Amino acid sequence: NRMKRAKARHKPCSLKELEVTISELGLGYNSDETVLFRYCSGTCDSAVRNYDVSLKHVRSMRKIRKEKVRARPCCRPLSYDDDVSFLDTGNRYYTVNEVSAKECGCV
Amino acid sequence: SIVSAGTDSAATSRSNPCLDAAKACNLNNNCRKLRSAYISTCNKEVSATELCSRRKCRKALRHFFDRVPSTYSYRLLFCPCKNQACAERRRQTIVPDCSYQEREKPNCLALRSQCLADTFCRSRLADFHTNCQAFLASCSRDSYRACLDSYTGLIGLDLTPNYVDESFSNPVLSLWCSCQGSGNMEEECEKFLKDFTENACLRNAIQAFGNGTDLTSSSK
């Protein structure tokens, strides 16, 4: 189990996908229509920049104290999928944008 | 489709082939994109008085049916329904509030004249009359496909047809027009309208398609 967890932790940042219903997206729409939800997951260990190293160091010298800073890159969408339209349970159409990731990266 | 095929008997009462068709479309990039394109166009309010741009909506619909393979589009349009929720979803496929209905129902012959004045619409209507001939023995299994093709070819034109309501046991297709005010052309008008409302060839073709998709989706 620990092996499995360690292995999963080392997967680099990439695009994953899952079939979910519109209702399950939690956007407040009620529809049984299924869509492909793509999301970004994985580590960004190999994407550490000099910026991150420096920031960490400067912070450790207590030169940055009050602000919230992030000294590690983050696996996030670089772009989003096209709009998704669906019919809800009240037979009304809706269109939502930027629901699903298209491309991921360490930013 | 592997998942849905495994749960046949338990879900029969709740099964919704039109919802399955929407899922199939959503999981295909091209279909989802073009479906979303026409839905958002047909659903976009233009002004306080104008619900939508019918012209743009119909154009986007034509785009969808021209560019999306019929494996996806016909499943949405001709899904076989056993309950109202399914049939209402089927009726909603073309966003009828914008693409089909109007405040007034024009006279059917006037609508036909409008179509005949346009070369493209005229040829599509001729196709429909040829391929969905209700009174000819020639409308058999072999020509069902051609009939569905030419019916679909009319969507987005002046003669956009649709299901009239959410009836699932006896679905009726029609145009948004009536034969009131036809004068001495009343009979001609009724005859023209019946090519949609009482077209056995079209009805059989849709039914056969419904049975056919059931077979292919469970065998895959």
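**Reading chain B: a loop residue and three helices**

In this predicted model, B:N107 sits in the loop that links α7 and α8 of chain B.

Q: Why is B:N107 called buried?
A: Buried means under 20% relative accessible area. B:N107 has 16% relative accessibility, so it counts as buried.

Q: What makes the approach of B:Q180 to B:N107 a polar contact?
A: A pair of N or O atoms has to lie within 3.5 Å. Here a polar side-chain atom of B:N107 is 2.9 Å from the backbone oxygen of B:Q180. Beyond its neighbours within four places in sequence, B:N107 also touches other residues, including B:C177, B:S178 and B:C189.

Q: Why is α8(B) described as roughly perpendicular to α11(B)?
A: The axes of α8 (residues 108-116) and α11 (residues 186-197) of chain B come within 9 Å and cross at roughly 70°. Angles of 65 to 115 degrees count as roughly perpendicular, so α8(B) earns that description relative to α11(B). The crossing is left-handed. On the α8(B) side, B:C108, B:L109 and B:R112 meet B:E188, B:C189, B:F192 and B:L193 of α11(B). By class, this contact has five nonpolar, no polar and two charged residues.

Q: How do you know that α6(B) is largely enclosed by the rest of the structure?
A: Six of the eight residues in α6 (residues 84-91) of chain B are buried, so the helix is largely enclosed. Those buried residues are B:C86, B:A87, B:E88, B:R89, B:R90 and B:R91. Their cover includes β4 (84-87) of chain A, along with α2, α3, α5, α7 and β1 of chain B.

Methods. Residues numbered from 1 in each chain as written. Chains lettered and ligands numbered in written order. Predicted model: local features only at pLDDT ≥ 70, side-chain atom pairs only at ≥ 80, totals over all residues. Heavy atoms only, no water. Buried < 20%, exposed > 50% of the residue type's maximum accessible area, 1.4 Å probe, protein only. Helix = DSSP H or I, 4+ residues; strand = E, 2+ residues; numbered from the N terminus. Contact = heavy atoms within 4.5 Å. Axes fitted to C-alpha atoms, helices over the stretch in contact; angles between N-to-C directions. Parallel < 35°, antiparallel > 145°, perpendicular 65-115°, else oblique. Left-handed = near helix turned anticlockwise from the far one by under 90°. Nonpolar A, V, L, I, M, F, W, Y, C, P; charged D, E, K, R; others polar. Polar contact = N/O pair within 3.5 Å; in protein donor to acceptor, adjacent residues only side chain to side chain.
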